[in-house]
Amino acid sequence: GVWCRNETEILLKQGEIIRPDRVVIINNQLIILDYKTGERQPEHETQMIDYQKAIQTLGFGHTKALLVYIRDIVEVIEVT
């Protein structure tokens with residue numbers, strides 16, 4: 001099945017709240033998407049890695065993080 005939520009608050013064990021733009025679960029794989037405008041920035045990837053690590057602490061072992069840049073051309077970057 002497929003599960004999808006936009007800007008859902010996720011409460012972490014430490015009490016911190018994160019709010020990725022979109023979280024999708026497809027066939028037991030969790031995908032985090034964040035949408036950006038403008039140029040690529042290193043802090044965008046850092047934010048996604050932080051989201052990915054935080055969600056993995058909740059027990060999701062297999063996650064994928066994607067940055068989607070909305071400009072004249074849409075660019076999708078997989079963060080690893």
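A nonpolar core here is a set of buried Ala, Val, Leu, Ile, Met, Phe, Trp, Tyr and Cys residues joined through side-chain atoms within 4.5 Å. Keep that in mind for the first views of this predicted model.

**View 1. The largest nonpolar core takes in 16 residues.** The residues with the most contacts inside this core are Ile10, Ile18, Leu30, Ile32, Met48, Ile55 and Leu67. Strands S4 (22-26) and S5 (29-37), helix H1 (42-56), and strands S6 and S7 each give two or more residues to the core. H1 puts in the largest share, with four residues. Elsewhere, and apart from this one, sits another core of five residues, with Val24, Leu33, Leu66 and Val68 among them.

**View 2. Zooming in on Met48 and the residues it touches.** Leaving aside residues up to four places away in sequence, Met48 touches Ile32, Leu33 and Asp34. Its other partners under that count are Ala65, Leu66, Leu67 and Val79. Two of the residues that Met48 touches, Ile32 and Leu67, are also listed with Met48 among those with the most contacts inside the largest core.

**View 3. Five strands make up an open sheet.** Read across, the order is S1-S4-S5-S6-S7, and the pairing is mixed. Strand S1 (2-6) and strand S7 (75-79) are the edges, each pairing on one side only. Going from one strand to the next, the twist averages 20 degrees. As a reminder, strands of a sheet pair through backbone hydrogen bonds, either parallel or antiparallel.

**View 4. Strands S6 and S7 form a hairpin.** Four residues lie between the two strands. S6 (residues 63-70) pairs with S7 in the antiparallel sense, over five bridges. To check the register, look for Ala65 opposite Val79 and Leu67 opposite Ile77.

**View 5. Stepping back, the chain has one helix and seven strands.** From the N terminus on, the elements run β-β-β-β-β-α-β-β. The radius of gyration is 13 Å, close to the 12 Å that the globule rule gives for 80 residues, so the chain is as compact as a globular protein of that length. The C-alpha trace spans about 35 × 30 × 20 Å along its principal axes. Of the 80 residues, 36% count as buried. The accessible surface comes to about 5200 Å², and 50% of it belongs to carbon and sulfur atoms. Among contacts with a separation of 6 or more, 42% come from residues 24 or more positions apart.

Conventions: Residues numbered from 1 in each chain as written. Predicted model: local features only at pLDDT ≥ 70, side-chain atom pairs only at ≥ 80, totals over all residues. Heavy atoms only, no water. Pairing = 2+ DSSP bridges. Axes fitted to C-alpha atoms, helices over the stretch in contact; angles between N-to-C directions. Rg over C-alpha atoms; globule rule 2.2 N^0.38 Å. Buried < 20%, exposed > 50% of the residue type's maximum accessible area, 1.4 Å probe, protein only. Contact = heavy atoms within 4.5 Å. Areas by Shrake-Rupley, 256 points an atom, 1.4 Å probe, with all protein chains shown as cover.
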